Each structure stands twice: as C-alpha cells, then as structure tokens.
Amino acid sequence: MKVKQNNKAFYQERLHVIMEYIHNNLDHPIDIKTLAELSNFSPFHFHRISRALLGEPIGAYISRTRIETAAKMIRYTSLDMESIAYNVGFETPSSLSKKFKSHFGISPTAYRKNKSYTLKPVSQMETTLNIKKPKFIDLEDKQCMYYRMQGAYQTLDYAGAWEKLWEQVKEQKLFTKGIELIGVPHDDPKVTEDDKIRYDACLVIHKDAKPIGDIGVKTLKGGKFAVFLYQGSYKYFEQVYNYMFNDWLLNSEHELRDVPVRERYISHPDRVAEDKLKTEFYIPIK
C-alpha cells in the first residue's frame, strides 16, 4: 500500500508544478509543450497522465480555469469586461462572452446582473466500458513490417495501410500462423499538431522480410507490459485510455516506461459487429 501511495504522490507532485504555472499565466498563451517539459512526465504519456490526475484533458482544464476565474471576477469585482477578458487570456470581450455562454448557458453581462444565478456547466454522459483487469506479461522483441501514416488519427486510411502490408506478405511469401496486427500510436493529439501525428500499422511476422518503398521493417522492442482486453467500438478508445491511466495506473504500484503504447487488433471490423470488436492495449511498465 505504501508503494502505491508514493507512486500516486509522485504524479501529484509533478501535477502541482503544472497547475501552479497555469494559474500564474492565465493572461498569457499557455503552450502544452511547455507544460509537458515542466512536468517531467514521459513525452509519450504526458497528456494521459495529466488527464488521469485532473479528470479532464489538460486543454479543457486550462479553458475551464480561464472561464471559472472570469466568473469569479465578474461576480466579485467591479472590473469591466474588457479587463476581465485580458486577465484570463482572451483577446476580446466578445470571445470571452462566447466561451462563457457556451460553458455556462448565460452571458457574462447577464450573470453579473443576476446575483442569484447558479453556474452549472453542461455535464457529459460517460460511456460504460467492457474492459477486463490487466494481465502482466514480459514480451520478447518482435519483428514486423510496418506502414507509417501521418495526420490526425480520425483521418487516417487504416484499411489502406493494412491492405498494403498484406500485399507484401503475399508477394514476399511471408504468411505463417501467428501474424499479429499491431497499431503503434506515437503521438498524443492533445500535444502534437495534427499534421505531425504519427501512427504505425504493423504486422508481426515470423519470416525475414525486405523493406520496399513505403513499407519498412523494424523490431518492436519487448519488455514488461500491462495488457488490457477491451470489447467494443474503436470510437471509445479515448475512454479506454482514460480508464487505464486514471482508474488503474494512479492506483497501482507501476511506473511507465518511456516507450509508446500498443494496440493489438484481435477482431476484423468487417466480420464482427462493432460492439463485439476485441482489442488488447499494451501499457509499457517498469
């Protein structure tokens, strides 16, 4: 129990550094990359750890902090809207007003006049996940063919990537039992710009393959992993990551290794109903 408390305390200590920086710089642009550097969290896992600790994405936390700070100024000071907007990082009062009304359902001016109004931001429904407790395994290095794509994850041509890889399996006569479909998302979309996000579609193979054109060959490094089996739609992957890093990691004795997570696709989306798709998530731990 002591180890678990120390593990969570370490992450909380680093989070306090980030939060202090945010609260002291609301009147300036806040760069997510600067926060990642201040945190000393693994660059592979910064957003997921911070989200697990905060209960929301770091960008959402910054936005909410600006709006809630503005609300306090509106209610408890006589500052004009322009000054309040600038103090919390908005370029114009109109941009503050738009964000404030979207978040709270009332304009800043109406909120200042209505002293009895209670602010209640709109809550979002949570998704119930079908995910099992992790098993712990030590993997050996694995050879794979891979096709790298770059861009926002939701825009990538995954089907085209797998088709290219299977074509090479056929052409190079690499087919054997036990070929695995692995996805390696290298970057966090909350930290990395969309056009720089990298994703590798990988086929783990058991024969020697040759790189050709945009199809490469590399080694997926082994090591210790916590493996979670999830059944359900791919569209809920973000919630799956939230569960693994929030409900599990922060309450475990495990620390992350500075390597990307992996996704192993067990089911074929053309052959299995969306809610029956099975995926394994591999979280690298020390």
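**Figure 1. Glu180 in strand β4 of the predicted model.** At 13% relative accessibility, Glu180 counts as buried in this predicted model. The residue belongs to strand β4. Leaving out residues up to four places away in sequence, Glu180 touches Lys142, Cys202, Leu203, Val204 and Arg264. Lys142, Val204 and Arg264 also appear with Glu180 in the lining of the largest cavity, which is the subject of the next view.

**Figure 2. The largest cavity and its lining.** The structure holds 1 cavity of 30 Å³ or more, and the volume of the largest cavity is about 60 Å³. Its lining is made up of Leu139, Lys142, Glu180, Ile182, Val204, Leu220, Arg262, Arg264 and Tyr282. Two elements, β4 (180–185) and β8 (262–265), each give two or more residues to this lining.

**Figure 3. The Tyr158–Tyr199 pair.** A pair of aromatic rings is described by the distance of the centres and the angle of the planes. The structure holds 15 aromatic pairs. In one of them, Tyr158 and Tyr199 meet edge-to-face, with 5.1 Å from centre to centre and 85° between the planes. The pair joins distant parts of the chain, since Tyr158 is in helix α8 (residues 158–171) and Tyr199 is in strand β5 (residues 198–204), 41 residues apart. Tyr158 is partly exposed, at a relative accessible area of 28%, whereas Tyr199 has 3% relative accessibility and counts as buried.

**Figure 4. A cluster of aromatic rings.** Trp162, Tyr230, Tyr234, Phe237, Tyr241, Tyr265 and Phe281 are linked into a cluster by ring pairs. Phe281 is also one of the contacts of Met244, a residue shown again in the view of the nonpolar core.

**Figure 5. Charged side chains over aromatic rings.** Lys218 lies over the face of Tyr146, 4.5 Å from the ring centre. In a second case, the charged end of Arg257 sits over the ring of Phe225, at 4.9 Å from its centre.

**Figure 6. The largest nonpolar core around Met244.** In soluble globular proteins, nonpolar side chains tend to be buried together. The largest nonpolar core here has 54 residues, and those touching the most other members are Ile22, Leu35, Ile58, Met244, Phe245 and Ile283. Helix α9 (residues 237–248) gives the most to this core, with 6 residues. Neighbours within four places in sequence aside, Met244 is in contact with Ile131, Phe228, Leu249, Phe281 and Ile283. Another core, of 15 residues, lies apart from the largest one and includes Ala70, Phe90, Ile106 and Tyr111.

**Figure 7. Helix α3 and the residue after it.** Helix α3 (residues 46–54) is mostly covered, with 9 of its 9 residues buried. These are Phe46, His47, Arg48, Ile49, Ser50, Arg51, Ala52, Leu53 and Leu54. Gly55 follows α3 and has a positive phi, near 85°.

**Figure 8. Tyr61 in helix α4.** Tyr61 lies in helix α4 (residues 58–76). Its relative accessibility is 6%, so Tyr61 counts as buried. Apart from its neighbours within four places in sequence, Tyr61 is in contact with Met19, Ile22, His23, Leu54 and Glu56. Of these contacts, Leu54 is one of the buried residues of α3, and Ile22 is among the residues that touch the most other members of the largest nonpolar core. Tyr61 and Gly216 are 155 residues apart along the chain, and their C-alpha atoms are separated by 39 Å.

**Figure 9. Lys173 in the loop between α8 and β4.** Lys173 is found in the loop between α8 and β4. Its phi is near 55°, a positive value in a residue other than glycine. Lys173 counts as exposed, at 66% relative accessibility.

**Figure 10. The whole chain, for orientation.** The secondary structure of the protein chain comes to 9 helices and 9 strands. The C-alpha trace spans about 75 × 45 × 35 Å along its principal axes. Of the 286 residues in the chain, 44% are buried. Among contacts with a separation of 6 or more, 71% are between residues 24 or more positions apart.

Terms used
Residues are numbered from 1 along each chain as its sequence is written. This is a predicted model: local features need pLDDT of at least 70, side-chain atom pairs count only at pLDDT 80 or more; totals for chains, interfaces and linings use all residues. Side-chain values use heavy atoms; hydrogens and water are left out. Rings of Phe, Tyr and Trp (its six-membered ring) pair if their centres lie within 6.5 Å; planes under 30 degrees apart count as stacked, over 60 as edge-to-face and the rest as tilted. Helices (H or I, at least four residues) and strands (E, at least two) are DSSP runs, numbered from the N terminus. Buried means under 20% relative accessible area, exposed over 50%, partly exposed in between (1.4 Å probe, protein chains only). A charge sits over a ring if NZ of Lys or CZ of Arg is within 6 Å of the ring centre and within 35 degrees of the ring normal. A nonpolar core is a set of buried Ala, Val, Leu, Ile, Met, Phe, Trp, Tyr and Cys residues joined through side-chain atoms within 4.5 Å. Contact means heavy atoms within 4.5 Å. On a 1 Å grid over the protein atoms alone, a cavity is a set of points where a 1.4 Å probe fits but cannot get out, and a pocket is an open set with protein on both sides within 12 Å along at least five of seven lines; lining residues have an atom within 4 Å of a point. Grid points are joined across faces, edges and corners, and a volume is the space filled by probe spheres set on the points.
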